[in-house]
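Load the model and keep a selection tool at hand. The tour moves from one selection to the next and says what is there.

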Amino acid sequence: MAQVDVEMPKMGESITEGMVIEWHKQPGDRVEQDEILLEIGTDKVDTEVPSPTGGILTETLVEEGDTVEVGTIIARVETEAEEAEVQTPSESPPAEADSEAADDEPSEPEPAEPAADRPPESQQPSEEEVEVVMPKMGESITEGTVIAWYKDIGDRVEVDETLLEIGTDKVDTEVPSPAAGVLSEKVVEEGETVEVGTVIARLAAEAEAGTAEAPVPDAPEEDAGESDLPSSPPSGDGAVPEGDATERSPGEEIQRRGADGRFYSPLVRSIAKEEGLRMSELESIEGSGREGRVTKEDVLAYLEEREEPAPETAAPSTPRERPPRPSRSAGQPDRGSYTVEDGPDEDKLRQQYGDRIEVQPMDRMRKITAEHMVRSKATSAHVTSFAEADVTGLVRFRERNKEEFREREGVKLTYTPFFVKAAVEALREHPLLNASVEGDKIVIKKDFHVGVAVAIGDKGLLAPVVRNAGDYSVTGLARKAADMAKRARNKELQPDELQGGTFTVTNIGSLGSLMGTPIINQPQVGILATGAIQKRPVVVEDEALGDSIAVRHMMYLSLSYDHRIIDGAMGAGFLQRIVEELESFSGDTDLY
């Protein structure tokens with residue numbers, strides 16, 4: 001016998017504790033490796049905790065509703081249990097178990113074992129089958145939503161060919177095929193959100209393709225009629241998962257999915273149960289999450305606005321403490337306080353504006369961008385200051401080095417790395433621009449994680465983060481920026497690469513703009529916009545020759561900053577330091 005401790009898992013760098021929402025297993029229950037033991041939640045995410053090993057759950061050390069720190073032992077599993085305990089599945093025929101257990105122990109139990117106690121097929125792929133799982137997209141990302149399938153059942157796929165597109169609230173990305181073969185099964189449908197590591201598809205060798213296609217259209221009807229198969233693994237073909245219901249009365253227990261198929265997370269269901277909400281009430285709440293999902297903030301906002309409490313459906317068990325709402329800065333709205341609402345249908349719009357219009361629905365990225373921008377304006381007191389820089393020396397320096405740089409490094413030498421480098425040097429001298437506001441506290445960051453805005457065609461902007469930008473030379477920043485821009489446009493960025501920035505640089509000049517007033521990327525307090533470089537006649541001062549007019553390469557810089565903590569003098573000083581850095585280049589400057 002050996003005992004294995006189950007610990008409260010780490011769910012991201014900023015998460016230090018979690019609340020036990022529900023135990024799926026009880027002491028004495030047999031568990032397989034990776035079988036779900038319990039659900040835990042924070043104010044940011046709910047997740048399920050799998051068993052680290054197979055065995056018997058001997059002890060649960062934390063009760064439902066308890067909140068404990070990451071790393072705390074919450075349960076114990078005893079391994080190497082007696083054979084008699086392991087090989088007595090309830091589904092086995094009693095006659096066989098009684099008459100043959102003694103005489104045919106080595107041979108008889110083995111055929112029965114796979115039918116009852118073996119892990120699901122998804123855990124035991126055949127040699128000819130390859131499983132595709134929901135990929136890990138960063139330490140803080142635990143789930144993803146299937147946006148679109150690029151391949152259908154029976155399609156031939158090559159290694160690294162795109163199978164589907166998945167998304168989070170930060171970024172959309174494409175999932176390549178891990179092997180060549182034929183797509184034999186889609187376990188997860190478009191619009192579904194599943195946890196990292198979940199099997200989402202299966203690939204088969206071409207020889208098996210014919211057999212893989214047949215069961216797909218018939219699976220829903222067979223599942224619907226087989227009430228004695230509640231434990232069948234989800235097929236992804238439309239069958240209702242265990243615990244869901246398609247018809248329910250208003251007073252029925254809160255379900256994982258509503259009548260319209262909308263999914264409700266464990267955290268949302270937990271709050272709804274605590275507050276005595278009916279299923280009909282939960283279904284009536286307009287969701288602000290992805291694909292209209294109801295978030296914790298949506299439920300809490302509904303409870304605050306509800307004039308009369310809903311009648312309790314049943315006496316709840318021991319009350320559990322509701323997870324605390326995330327703290328926010330003074331005057332800062334909740335994350336869900338602004339959402340893009342559904343507009344009127346096209347017929348009403350044509351009645352209002354006439355027939356000579358084109359109606360285009362917002363895509364996910366545009367909705368997310370709109371919500372973030374409005375929330376930022378409501379959070380920070382925006383002020384923008386401007387400066388002008390003579391970058392003639394920088395232009396000549398780049399022109400002289402760009403061909404050699406491309407041959408040596410394999411990427412173009414753009415102006416962006418010079419702008420990022422100048423911003424870092426200015427941040428060193430003005431650390432308050434590298435901060436965030438948390439209530440009445442100012443958090444000054446010691447590392448320079450600079451976001452670099454990348455235009456994604458007409459889809460919008462992303463700002464992948466160059467971490468520890470102060471550690472890079474111009475050459476290193478050029479390689480880093482080129483790599484991130486390429487992966488951003490190819491939907492290959494990981495969500496973690498869009499988080500944790502302390503300051504942002506957006507090169508609007510690359511798009512032809514002379515200047516702009518950018519919106520701060522929360523929770524940062526500053527963003528620098530660099531305008532187009534143009535030749536202009538300017539007055540040049542010279543102590544020996546006096547004033548003269550010369551053609552110089554000039555550009556405008558604009559800095560938007562949070563006026564709650566950044567005053568105009570500091571903003572102007574920050575800009576002036578950037579100007580000095582950009583104007584310092586000459587013919588003698590060494591790139592390397």
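Contact here means heavy atoms within 4.5 Å. The model is predicted.

**Two helices.** Start by selecting H12 (416-429) and H14 (568-582). In H12, select Phe418, Phe419, Ala422, Ala423, Glu425, Ala426, Leu427 and Glu429; they meet Phe574, Arg577, Ile578, Glu581 and Leu582 in H14. By class, the residues of this contact comprise nine nonpolar, four charged and no polar. The axes of H12 and H14 are 9 Å apart, at an angle of about 135 degrees. Angles from 115 to 145 degrees count as oblique, so H12 and H14 are oblique to each other. Their crossing is right-handed.

**The largest nonpolar core.** Next, select Leu433, Phe503, Leu528, Leu557, Phe574, Ile578 and Leu582, which touch the most other members of this 46-residue core. Elements that each supply at least two of its residues include strand E17 (382-390), helix H11 (392-409), helix H13 (474-489) and strand E27 (548-562). H12 gives the most, eight residues.

**Around Leu582.** Centre on Leu582 and leave out its neighbours within four places in sequence. What is in contact with Leu582 then? The list is Val391, Leu394, Phe418, Phe419, Ala422, Met555 and Leu557.

**A separate core.** Apart from the largest core lies another, of 17 residues. Trp149, Val157, Ile166 and Val188 are among them.

**A loop residue.** Finally, select Glu189, in the loop between strand E14 (181-186) and strand E15 (193-195). Is Glu189 buried, exposed or partly exposed? Its relative accessible area is 30%, so Glu189 is partly exposed. Add Ile147: its C-alpha atom is separated from that of Glu189 by 8.8 Å, with the two residues 42 apart along the chain.

Definitions and conventions. Residues numbered from 1 in each chain as written. Predicted model: local features only at pLDDT ≥ 70, side-chain atom pairs only at ≥ 80, totals over all residues. Heavy atoms only, no water. Core = buried A, V, L, I, M, F, W, Y, C linked by side-chain atoms within 4.5 Å. Buried < 20%, exposed > 50% of the residue type's maximum accessible area, 1.4 Å probe, protein only. Helix = DSSP H or I, 4+ residues; strand = E, 2+ residues; numbered from the N terminus. Axes fitted to C-alpha atoms, helices over the stretch in contact; angles between N-to-C directions. Parallel < 35°, antiparallel > 145°, perpendicular 65-115°, else oblique. Left-handed = near helix turned anticlockwise from the far one by under 90°. Nonpolar A, V, L, I, M, F, W, Y, C, P; charged D, E, K, R; others polar.
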